[in-house]
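These are my notes from a session spent looking things up in one structure. I begin with the chain as a whole and then turn to single places in it.

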Amino acid sequence: SALVANIVNKAQADVASSMAAELAPRACGFFDNLLQAASDEAVVKLGGQGMWQTAFQLLACIGVKIKEDESSEASAAAETEELLGAVTALAWTVARRLMSLPSTQLEVTHDHLAGLLAVAQLSISINAQANLVGLFGALASPGKIKLAADDLRLLIVSLLACTGDASLHVALQAVDGLIDVFADDSRDDIYHSLNIESALKSPLPRFKASLDDSQLRADRATLANVIENLEGFLAYQASKPKPPSAQQQSAAPPPPQA
């Protein structure tokens with residue numbers, strides 16, 4: 001594993017090098033598969049937090065290169081797209097595994113989030129975009145990550161924007177992530193203030209229509225599962241008492257004086 005980590009670290013120095021183009025995606029894929037199958041104890045020994053930091057740094061390097069290509073009106077090289085897809089997948093897996101550990105807390109800073117959101121704004125492949133959206137959902141989900149209120153809101157707003165993405169794959173990932181983010185009733189105030197219910201209802205007709213599309217590229221079982229989860233989630237939210245509106249609160253009688 002040290003050899004693979006070394007390959008990824010060297011790729012940070014020159015994203016356009018043959019090392020990055022040929023070996024870094026394979027190294028990231030190796031670590032990704034290893035982490036998905038590894039026990040919790042093995043994840044700790046592998047140094048998951050270090051891999052998270054490495055993946056983030058490499059993402060930042062790739063983002064800079066893609067931004068330079070965009071400013072020069074050059075398209076990102078296929079090798080860069082492949083590397084970005086591999087790194088975003090690895091970062092998502094690392095986050096999920098570290099968050100699932102009983103005693104390890106993933107450290108995510110504001111700079112991490114700003115860097116990830118900056119990459120998401122670039123012209124990147126659908127797979128890389130879907131991986132980032134999945135990562136945003138994981139980071140924003142109730143768990144062991146202590147996010148500032150503004151940072152949590154940034155992630156949620158980013159997920160909301162992706163529910164109407166032209167790519168069905170990305171939109172499904174965004175909706176799935178939002179369901180996880182608001183699985184905890186303690187976030188009901190954010191749910192209502194950002195009108196999450198309306199945002200989740202909007203793509204539902206598109207999802208259902210896609211089930212009957214003979215040209216559907218997404219996995220039908222995955223699509224059907226997201227639809228079922230979304231309808232169940234919306235029904236659950238509708239069954240809960242609605243918070244009083246601002247008008248109702250202002251009309252409420254003042255509390256009795258002691």
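**Surface and overall make-up**

I began with the accessible surface of the chain, which comes to about 13300 Å², with 53% of it belonging to carbon and sulfur atoms. I note here that I am working from a predicted model, and that every value in these entries is computed from it. I then looked up burial and found that, of the 258 residues in the chain, 45% are buried.

For the secondary structure I counted 14 helices and zero strands, and reading from the N terminus the elements run α-α-α-α-α-α-α-α-α-α-α-α-α-α. I also looked up how the contacts are spread along the sequence: of the contacts in the chain with a separation of 6 or more, 71% are between residues 24 or more positions apart.

**Aromatic pairs**

I searched next for aromatic pairs, of which the structure holds three. One of them joins F182 and Y191, whose rings are 5.5 Å apart centre to centre with 70 degrees between the planes, an edge-to-face arrangement. I checked the burial of both partners: F182 has a relative accessible area of 2% and is therefore buried, since the cut-off is under 20%, and Y191, with 1%, is buried as well.

Y191 also pairs with F233, and because the planes of these two rings stand at 75 degrees, with the centres 6.0 Å apart, I have entered this pair as edge-to-face too. The pair links distant parts of the chain, as Y191 lies in helix α10 (residues 188-193) and F233 in helix α13 (residues 220-239), 42 residues apart. F233 has a relative accessible area of 9%, so I have put it down as buried. Taken together, F182, Y191 and F233 form one aromatic cluster.

**D188 and N195**

Staying with helix α10, I looked up D188, which has its place in that helix. Once its neighbours within four places in sequence are left aside, D188 is in contact with Q237 and K240. D188 and K240 are 52 residues apart along the chain, and their C-alpha atoms are separated by 10.0 Å.

Where does N195 have its place? I found N195 in the loop between α10 and α11 (196-201), and I marked it for its backbone, since N195 has a positive phi of about 55 degrees although it is not a glycine. Its relative accessible area is 46%, so I have recorded N195 as partly exposed.

**Helices α12 and α13**

I then turned to how two helices pack, which is described by the angle between their axes and the distance between the axes. The axes of helix α12 (residues 204-211) and α13 come within 10 Å and cross at roughly 145 degrees, and the crossing in which α12 passes α13 is left-handed. On the α12 side I listed L204, F207, K208, S210 and L211 as making the contact, and on the α13 side R220, L223, A224, V226, I227, L230, E231 and L234.

**W92 and Q173**

At W92 I looked for a charge over the ring and found the charged end of R96 sitting there, 4.7 Å from the ring centre. W92 is also among the residues that Q173 touches, the others being A130, V133 and G134, not counting residues up to four places away in sequence. Q173 itself is found in helix α9 (residues 168-181). Is Q173 buried or exposed? At 16% relative accessibility I count Q173 as buried, because the cut-off is under 20%.

**L116**

My last entry concerns L116, which is found in helix α6 (residues 110-120) and has 1% relative accessibility, so that I count it as buried. Leaving aside neighbours within four places in sequence, I found L116 in contact with W52, F56, L59, L132, L135, F136 and L139. For F56 I also looked up the separation: L116 and F56 are 60 residues apart in sequence, while in space they are 7.8 Å apart, C-alpha to C-alpha.

Note on methods: Residues are numbered from 1 along each chain as its sequence is written. This is a predicted model: local features need pLDDT of at least 70, side-chain atom pairs count only at pLDDT 80 or more; totals for chains, interfaces and linings use all residues. Side-chain values use heavy atoms; hydrogens and water are left out. Rings of Phe, Tyr and Trp (its six-membered ring) pair if their centres lie within 6.5 Å; planes under 30 degrees apart count as stacked, over 60 as edge-to-face and the rest as tilted. Buried means under 20% relative accessible area, exposed over 50%, partly exposed in between (1.4 Å probe, protein chains only). Helices (H or I, at least four residues) and strands (E, at least two) are DSSP runs, numbered from the N terminus. A charge sits over a ring if NZ of Lys or CZ of Arg is within 6 Å of the ring centre and within 35 degrees of the ring normal. Contact means heavy atoms within 4.5 Å. Accessible areas come from the Shrake-Rupley method with a 1.4 Å probe; for residues, only the protein chains shown count as cover. Axes are lines fitted to C-alpha atoms, for helices over the stretch in contact, and angles run from 0 to 180 degrees between N-to-C directions. A crossing is left-handed if the near helix is turned anticlockwise from the far one by less than a right angle, and right-handed if clockwise.
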